[in-house]
Amino acid sequence: NSPRGDDQVISGDDLITLEQLIQISGLSRSRVERFVEPLNDTMKKYQINTKSRITNFISQVLHESGSFQFFTELASGKAYEGRKDLGNTNPGDGVRYKGRGAIQITGRNNYSRVSKALGYDFVSDPKKLAELPWAMLSAGWFWRFGSARGDLNKLADKEDFEKITRGINGGTNGIADRRKKLNVAKSVYKPVKPGDNNSLLA
């Protein structure tokens with residue numbers, strides 16, 4: 001069997017264009033243009049490089065971040081206080097290591113793991129995780145290595161949308177919105193050809 005079109009590896013400098021991201025997100029050019037480069041860099045670094053992987057990743061990131069509005073969890077983080085499963089063993093760890101990034105990295109353990117992976121000390125400087133490019137790179141790291149469900153690329157290859165959602169959320173919160181965003185992404189996305197993102201340089 002030849003691979004489905006959704007499984008073809010897309011190579012090149014860009015995996016998504018500004019125009020595609022505007023259409024998929026429903027946001028204005030001025031709102032999304034600063035996210036295109038970090039998103040492309042992240043998807044290249046973590047081999048999120050087929051239509052299935054790209055569309056699943058972007059739709060989940062859009063949901064998790066409230067369409068690129070929130071890279072810091074709105075809740076205080078007090079609910080995570082004393083959560084040994086998250087590595088929150090010191091007083092104040094819950095608030096200090098609340099969810100940050102485009103896919104909310106939560107807890108001292110995960111901050112420590114993503115620090116090693118990305119080469120920046122987020123344990124000492126946790127708020128940095130909410131800034132670009134770290135907010136996007138940490139989402140790519142989580143997608144491949146941080147989820148309890150394992151490498152989410154493998155689930156995207158199977159189009160196992162529900163397991164991907166559980167792998168990010170732990171449950172199925174917001175599943176209707178995630179599905180809607182995925183359907184839009186699938187209808188809009190086409191592999192990027194060289195030069196397609198030249199509008200970024202204008």
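1. A helix here is a DSSP run, marked H or I, of at least four residues, and helices are numbered from the N terminus. Glu19 lies in one of these runs, helix H1, which covers residues 18-25. The model under discussion is a predicted one.

2. On the overall fold: the protein contains 9 helices and 0 strands. Read from the N terminus, the order of elements is α-α-α-α-α-α-α-α-α. Helices discussed in this note include H1 (residues 18-25), H2 (29-45) and H3 (residues 51-64).

3. On size: the C-alpha trace spans about 50 × 40 × 30 Å along the principal axes of the protein. The radius of gyration is 17 Å, and a compact globule of 202 residues would have a value near 17 Å, so the two agree. Of the contacts with a separation of 6 or more, 61% are between residues 24 or more positions apart.

4. On surface and charge: 50% of the 202 residues count as buried. The protein exposes about 9,800 Å², and carbon and sulfur atoms supply 49% of that area. There are 32 positive and 23 negative side chains, and the centres of these two sets lie 4 Å apart.

5. Back to Glu19 in helix H1. Is Glu19 buried, exposed or partly exposed? Its relative accessibility is 33%, so Glu19 counts as partly exposed. The side chain of Glu19 makes a polar contact with the side chain of Arg29, at 2.3 Å. Val188 is 169 residues away from Glu19 in sequence, yet their C-alpha atoms are 9.8 Å apart in space.

6. Arg31 lies in helix H2. Its relative accessible area is 34%, and Arg31 is therefore partly exposed. Which residues does Arg31 touch, leaving aside neighbours within four places in sequence? They are Ser67 and Gln69. A polar atom of the Arg31 side chain lies 3.1 Å from the backbone oxygen of Ser67. From C-alpha to C-alpha, Arg31 and Ser67 are 9.7 Å apart, with their positions 36 residues apart in sequence.

7. Ser67 also deserves a check of its backbone. Most residues other than glycine have a negative phi, and most peptide bonds are trans. Phi of Ser67 is near 55 degrees, which is a positive value. Ser67 is placed in the loop between H3 and helix H4 (93-96). With 14% relative accessibility, Ser67 counts as buried, because the cut-off for that class is under 20%.

8. Gln47 is another residue to inspect. Its phi is about 55 degrees, positive although Gln47 is not a glycine. Gln47 lies in the loop between helix H2 (29-45) and H3. At 37% relative accessibility, Gln47 counts as partly exposed.

9. The peptide bond between Leu132 and Pro133 is cis, with omega about 0 degrees. Where is Pro133 found? Pro133 is in the loop between helix H5 (108-118) and helix H6 (134-146).

10. Gly140 lies in helix H6. Its relative accessible area is 0%, so Gly140 is buried. Not counting neighbours within four places in sequence, Gly140 is in contact with Thr42, Tyr46, Ile48 and Phe57. For Ile48, the C-alpha atom is 8.1 Å from that of Gly140, although the two residues are 92 residues apart along the chain.

11. Gly77 is found in the loop between H3 and H4. At 4% relative accessibility, Gly77 counts as buried. Apart from residues up to four places away in sequence, Gly77 touches Gly94, Val95 and Lys98. The C-alpha atoms of Gly77 and Gly101 are separated by 14 Å, and these residues are 24 residues apart along the chain.

12. Lys51 lies in helix H3 (residues 51-64). Is Lys51 buried or exposed? Its relative accessibility is 18%, so Lys51 counts as buried. A polar atom of the Lys51 side chain lies 3.1 Å from the backbone oxygen of Lys186.

Notes
Residues are numbered from 1 along each chain as its sequence is written. This is a predicted model: local features need pLDDT of at least 70, side-chain atom pairs count only at pLDDT 80 or more; totals for chains, interfaces and linings use all residues. Side-chain values use heavy atoms; hydrogens and water are left out. Helices (H or I, at least four residues) and strands (E, at least two) are DSSP runs, numbered from the N terminus. Buried means under 20% relative accessible area, exposed over 50%, partly exposed in between (1.4 Å probe, protein chains only). A polar contact is a pair of N or O atoms within 3.5 Å; within protein, one must be able to donate a hydrogen and the other to accept it, and residues adjacent in sequence count only if both atoms are side-chain atoms. The radius of gyration is taken over C-alpha atoms; the globule rule is 2.2 Å times the number of residues to the power 0.38. Contact means heavy atoms within 4.5 Å. Accessible areas come from the Shrake-Rupley method with a 1.4 Å probe; for residues, only the protein chains shown count as cover. Lys and Arg count as positive and Asp and Glu as negative; His and the chain ends are not counted. The place of a charge is taken as NZ of Lys, CZ of Arg, CG of Asp or CD of Glu.
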